[in-house]
Each structure stands twice: as structure tokens, then as C-alpha cells.
Amino acid sequence: MRHLDIAPDLFPNLLSDIAAQAARLNMPCYLVGGFVRDLLLKTSVNDFDVVVVGDAIRLGNALVGEYGGKLTAHHKFHTAVWQPSNALESFDLITARSETYHHPGALPTVKPSSIEDDLRRRDFTVNAMAVRLDGEYFGALLDPLGGEHDLAQGVIRVLHSRSFVDDPTRIFRAARYEQRYGFHLAPETRALVNQESLGTLSTLSGERLRHEFDLIFEEEKAARMLSRLREFGVLDMFHLPEFNEACLPLLEDKPAPEFGIPENRILFGYLFWLMNLQTDSIASIARRLDFDAELKMAALAAAHLKMDLSALKISKPSAWTFYLEKFPLTSVYALWLATKESALGSFLVQWRHIKPAVTGNDLKARGIPAGPRYKEILTQLRAAWLDGEVKNLEEEKELLIALL
Ligand code: CTP
């Protein structure tokens with residue numbers, strides 16, 4: 001049996017606690033999936049899926065008894081999440097299980113089983129390896145399905161011919177792993193992305209589909225993943241456009257602090273992707289992918305703004321500002337990144353913060369009766385500041401007197 005060297009810095013102390021507790025309960029304990037794959041690839045490892053042969057919920061309760069923290073148990077799937085106290089990370093504890101899919105695309109029915117069965121239920125060979133943690137077995141690699149070989153060859157291969165039909169989100173996962181690591185699908189696996197599996201994909205809920213696109217936008221090679229999905233026929237199926245690869249660097253930079261825009265790679269991914277579409281197309285995509293209200297509004301606004309941009313070009317700063325203020329800042333920022341139209345940048349950094357010194361209270365103090373006049377006067381003062389017609393408090397006061 002091959003033993004892997006696991007550098008201590010990859011292995012949080014808490015994992016040793018989990019392994020020790022599993023050994024005390026006589027439950028063989030493994031790290032599976034992404035951890036093993038990334039360990040063998042020598043890329044950063046950030047995911048700890050712990051599988052025990054036995055009962056993960058019982059292990060979780062024992063951990064809480066011994067070390068404290070909180071356990072969230074999912075009895076239907078025999079899994080639990082242990083959140084140790086004072087630790088940033090939480091640990092997924094999974095009971096080794098077999099899965100049965102009662103109909104394509106449904107969530108599976110699960111039954112506790114052996115580690116070998118647990119590996120067989122997984123998506124790709126490269127994700128179907130385990131490394132044992134408990135006691136004297138520490139570091140032993142379990143690879144009954146040829147994952148290490150495929151990893152060395154750069155191949156993404158499903159474990160059986162019904163894999164994509166059972167769980168069509170694996171079509172997305174295939175594109176992600178292939179492009180993330182510069183791998184390729186085994187020809188037989190590629191052939192399984194076919195009418196039948198795509199047909200099952202089309203039955204998935206909007207939420208599940210959107211989650212897969214969200215995961216893609218978190219990836220560095222998002223554009224290539226989307227273009228692979230286009231080749232598979234997935235984008236056409238949902239009337240989704242190509243992603244312009246030139247937009248990708250725009251996702252890499254965090255918004256500079258002066259823009260006052262929170263970082264949100266996923267949101268901006270969608271905005272760049274959809275901003276060239278007609279608003280009715282965006283509305284139907286938003287429905288199908290179950291966008292939340294914020295994402296839907298931002299995507300529609302970015303497309304709307306893009307269409308109006310040429311008409312606004314010769315406008316004064318006040319006209320730009322009063323118009324842009326109706327839209328979410330994230331949409332204005334995305335359009336600024338995409339077009340580099342300087343007025344959009346000026347609006348975000350400067351214009352939107354410009355307000356007159358005079359307030360409603362000052363107008364009241366001058367005896368102006370409450371009503372729509374207030375807004376008119378304050379708007380005129382603000383426009384004068386924005387357009388450079390008023391440059392100091394003295395000039396603002398003169399304009400106010402002229403307006404009254
Ligand atoms: N898995 C699967 N089928 C799915 C989702 C997950 O078989 N549809 C299995 C795979 O073995 C995968 C593991 O569950 O390795 C954990 O899933 P996830 O956390 O989504 O993937 P990671 O392997 O951790 O990879 P990533 O780096 O993409 O998070």
C-alpha cells in the first residue's frame with residue numbers, strides 16, 4: 001500500500017483530533033476527494049471532507065463531548081458538520097455510503113456502506129481517492145479506481161456510464177476540473193455528455209443550476225469553463241451567451257477603495273456575461289436560473305445603462321449623476337470597467353458625493369413653505385455644484401437668493 005507524505009502544515013491539529021477520536025470509536029477514518037487530488041497535484045489544499053466507516057454523526061457527537069464546539073447533523077444523509085469552538089474552519093463528517101438515484105437528476109437515497117462503495121459513488125476517478133488518517137494507517141492511499149493514474153495523465157473520467165444522468169451537475173464539474181487543471185475529458189466520458197444527460201440537466205431547478213455557474217465565476221479560468229460548456233451545448237440550452245474572455249481580467253482586480261464598491265466576483269461575473277443582451281432575454285435567464293432580486297436588478301440595470309450610454313455621452317455631470325443614481329452602484333461600476341467611460345468613474349468616485357451645503361432646514365429657516373419647491377431648489381443647487389457653475393459657499397448662497 002502506498003503511503004503519502006502529508007506535510008504538517010496541510011494538516012490542522014483538529015484533523016488529528018478527529019482521527020484520534022475515530023480510532024477510539026474503531027471507525028476507519030479517511031480524507032477523500034479534493035484533499036487527496038490536490039495533495040497529489042501539489043496545489044493548495046483547502047477542503048477537508050472526512051469520511052468514516054461507521055457513523056459520522058456518532059463521531060461528531062463524540063468530538064463535541066471531547067473537544068467542544070457545535071455539531072449540525074443531517075440524519076437523512078448520515079452526515080454532520082463539526083464547528084469546533086475557536087476555529088475558523090468547520091469539518092464535513094461523512095458516513096461512508098452507497099447511493100441510489102431513483103430517477104435521473106434526483107437527490108440520491110443513501111445507505112451506510114464500505115469506503116470502496118463510497119469512492120464508487122463519486123463523480124470522477126481523480127476525486128475518488130482516499131487517504132487514511134486513523135492510527136497506524138496514517139497516510140495510506142486508497143485508490144481502487146485508478147485516480148492517481150488519471151491524475152498523472154491529466155484525464156477526467158467518470159466512474160460509470162450513468163454518472164452524468166444520475167447527477168447532471170457533474171457536466172459542470174467536468175468542465176471546471178478540466179479547465180482548472182488543464183486536463184481533458186476521456187473520450188468515453190466526453191461521449192456521455194449527450195442528449196440524454198443534457199436532457200436531465202434541463203430538468204434541474206434554477207437554484208442548482210445557478211449554484212454551478214456561481215462556482216465557475218469563483219474560478220480563475222471561468223471564461224474557458226463557460227466556453228467548454230458552450231461546446232457541450234449547455235449554454236445554448238439555456239439561451240446563455242458566450243463569455244467574452246477579454247472581460248476576465250476585469251474580474252481579477254478588487255474594486256479600489258475610492259469606488260466604495262464591495263468585492264463580489266460572482267456578481268460581476270454575471271454582469272459582464274449578460275450586459276450585452278436585451279433586457280427581456282436577461283429577465284428570462286434570471287427566471288430560469290432563479291436569480292435573487294439583487295442580481296436580477298443589477299444585471300438588468302447594467303444592460304439598460306449600456307444601451308443608454310451613447311445618448312448620455314455629451315451630457316453635463318449633473319445629467320449623468322441624476323440619471324446614474326437610479327441604478328445600482330455595482331452595475332455602474334461593471335459598466336465603467338467594461339467601457340472605461342470616464343463619466344462613470346467620475347460619478348462613482350466624485351459626483352455622487354457632491355451635495356449642496358444648504359439643507360431643507362435652511363430653507364425652512366428662510367420661511368419657505370414645505371413642499372416640492374424644496375426638492376427643486378436643492379436639486380438646482382446640487383446641479384450647479386456638479387456642473388461647476390458654483391464653486392464655493394458664497395456662490396451657492398448667491399444662487400440660492402436668485403432662486404428664491
Ligand atoms: N462529489 C461527487 N459528485 C458531485 C459532487 C461531489 O461525486 N456532484 C464528490 C467528489 O468526490 C468530490 C467530493 O464529493 O471530490 C467533494 O465535493 P466538492 O467539495 O464539491 O469538490 P472538491 O473535490 O472538494 O473540489 P473543489 O476543489 O471543486 O471544491
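Between which domains does the largest pocket lie? The legends below take this up, view by view. The model is predicted.

**View 1. The chain is divided into four stretches, domain 1 to domain 4.**
Domain 1 covers residues 1–152, and domain 2 covers 154–243. Domain 3 follows with residues 244–353. Domain 4 spans 360–403. Find domain 2 and domain 4 in the model. Their C-alpha centres lie 58 Å apart.

**View 2. The largest pocket lies between domain 1 and domain 2.**
Both domains give residues to the lining, so the pocket lies between them. Its volume is about 1,500 Å³. The lining counts 43 residues. Closest to the pocket centre are D47, D49, R173, R176 and Y177.

**View 3. Helices and strands both help to line the largest pocket.**
Helix 2 (34–41), helix 7 (169–181) and helix 10 (206–217) each give two or more residues to the lining. Strand 4, strand 5 and strand 6 (97–100) do so too. Which element gives the largest share? Helix 7 does, with 7 residues. Now sort the lining by class. There are 21 charged residues, 12 nonpolar ones and 10 polar ones.

**View 4. The ligand is surrounded by 15 residues.**
R37, D47, D123, D167 and R180 are the closest of these. D47 is also among the residues closest to the centre of the largest pocket.

**View 5. N127, R170 and R173 each place an atom by the ligand, at the distances given here.**
For N127, the atom is a backbone N or O, and it lies 3.1 Å from a ligand oxygen atom. R170 uses a polar side-chain atom, 3.2 Å from a nitrogen atom of the ligand. R173 also uses a polar side-chain atom, 3.0 Å from a ligand oxygen atom. R173 appears in View 2 as well, among the residues closest to the pocket centre.

**View 6. Strand 3 and strand 4 form a hairpin.**
Strand 3 holds residues 70–74, and strand 4 holds residues 79–83. The two strands pair in the antiparallel sense, over 5 bridges. H74 stands opposite T79 of strand 4. How many residues sit between the strands of this hairpin? There are 4. In this hairpin, H78 takes a positive phi near 55°.

**View 7. Strand 4 also pairs with strand 5.**
Strand 5 covers residues 91–95. Strand 4 and strand 5 run antiparallel, joined by 4 bridges. Look for W82. Its bridge partner in strand 5 is F91. Strand 4 and strand 5 both return to View 3, where each gives two or more residues to the pocket lining.

Terms used: Residues numbered from 1 in each chain as written. Predicted model: local features only at pLDDT ≥ 70, side-chain atom pairs only at ≥ 80, totals over all residues. Heavy atoms only, no water. Pairing = 2+ DSSP bridges. Domains from an automatic or database assignment. 1 Å grid on protein atoms, 1.4 Å probe; cavity = no way out; pocket = protein on both sides within 12 Å on 5 of 7 lines; lining within 4 Å. Points joined across faces, edges and corners; volume = space filled by probe spheres on them. Nonpolar A, V, L, I, M, F, W, Y, C, P; charged D, E, K, R; others polar. Near = heavy atom within 4 Å. Polar contact = N/O pair within 3.5 Å; in protein donor to acceptor, adjacent residues only side chain to side chain.
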